[in-house]
Protein chains: 2
Amino acid sequence: MKIPKVLQDVIDNFHKLPGIGPKTSQRLGFYLLRVPESQLEDFADSLLNLKKKTFLCSVCKNVTENEICSVCADGNRDRSVIMVVEEPLDLVAFEKTGKFSGLYHVLHGKISPLENIGPDEIFFQQLLKRLESGNVSEVIIATNPTMEGEATAMYISKEIKKRYSDKIKITRLGMGIPTGADLEYADDLTLTRALEGRKDI
Amino acid sequence: MKIPKVLQDVIDNFHKLPGIGPKTSQRLGFYLLRVPESQLEDFADSLLNLKKKTFLCSVCKNVTENEICSVCADGNRDRSVIMVVEEPLDLVAFEKTGKFSGLYHVLHGKISPLENIGPDEIFFQQLLKRLESGNVSEVIIATNPTMEGEATAMYISKEIKKRYSDKIKITRLGMGIPTGADLEYADDLTLTRALEGRKDI
């Protein structure tokens, strides 16, 4: 039996998404057959509007509906600290903690020689440009603790130090055991970093 | 920081789908920001076409683009056997095995007193109607082995027997250990059914 083409189209579109396998795609496709027409229309509209009505903030490259994102536009934020993240979702994660009051800079990627992504393929020059104002005293590099993320952190750190040696403090997120984790299952590197980063109590 | 409304709309629409949690919805929303506009348009189109271009087969209630589905329209199928399933996806699963050559009947639900779903809320009368032709010699009841599925199977079986006593054979799918499963983790009922259904080798 062939699945009707229009249904198969929906299934295929779900299957293109990361982390959505063939079984889940099929389940979602058949599920949508039973929802009200209006829900399908809302879903379709949201997809059509997505790229048309979102932009990258002209300051930090965060996703925004205006020229400047809500973080950069907020007068209460500390403009002397910039946290550098790989993706907008990383920014969202930090904003959820409510513990960071500085600004961000979203690279939209990481340096990855294997994928031919160098410093010019991410928003790195735009970061350097922001530092020229002279108002920034600290850059927190919050790229992921992966090989590419570490390499990106090292590169950015080196380039900023080259230009602003002691004028701008460069920090990296603390590494160690995540809350709720089981020591028994932590990998060697995590344990080593946790040991190095130990604190007096 | 507020996520832009158009992006939040996409995230909310994913979140309405079964099995897609808040984190996955967010990840998918941000992912779609980076895909080509054409992929978003294709996705939206497929959703808009979904209900407009699919129907339920007038014979078996399977999902189809025509009046009669491809299974019912296939002249090579054995019209004397009808397998009764709850949902179109169950039909798809059996068609994948390639081991069933009869026809189907899709109930689109199961009898569930708790949710106020009785025999008239599923396509049960339509099944009885099909049996009136007198050409059907076996009905295989392939509802799920859940409480509602079993109750549905019992009800259907009773109603058919009432009308066609020995003229139509009624069978239920074999129950037992699924392939690849670990006996150690099988529940009591599955083991009991497997024991009852044991075969000579």
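Biologist: Why is Leu191(A) called partly exposed?

Modeller: Leu191(A) has 34% relative accessibility, and buried means under 20% relative accessible area, exposed over 50%, partly exposed in between (1.4 Å probe, protein chains only), so Leu191(A) counts as partly exposed. This is a predicted model, in which local features need pLDDT of at least 70 and side-chain atom pairs count only at pLDDT 80 or more. Residues are numbered from 1 along each chain as its sequence is written, and side-chain values use heavy atoms, without hydrogens or water.

Biologist: Which residues form a nonpolar patch on the surface?

Modeller: Ile177(A), Leu183(A) and Leu191(A) form the patch, with about 240 Å² of accessible area together. Patch residues have over 30% relative accessible area and no salt bridge (a side-chain nitrogen of Lys or Arg within 4 Å of a carboxyl oxygen of Asp or Glu); nonpolar side chains are joined within 5 Å, like charges within 9 Å. Accessible areas follow the Shrake-Rupley method with a 1.4 Å probe. Leu191(A) belongs to helix H8 (residues 188-196) of chain A, helices being DSSP runs (H or I) of at least four residues and strands (E) of at least two.

Biologist: In what order do the four strands of the open sheet stand?

Modeller: The order is S4-S3-S5-S6 (chain A), with parallel pairing; two strands pair if DSSP finds at least two bridges between them.

Biologist: Why is one side of strand S4 (102-106) and of strand S6 (169-172) of chain A left without a neighbour in the sheet?

Modeller: Each stands at an edge with a single partner strand, so one side has no neighbour in the sheet.

Biologist: How many bridges link strands S3 and S5 of chain A?

Modeller: S3 (residues 78-85) and S5 (residues 138-141) of chain A pair in the parallel sense over four bridges. Val84(A) stands opposite Ile141(A) in S5(A).

Conventions: Chains are lettered from A and ligands numbered from 1 in the order in which they are written.
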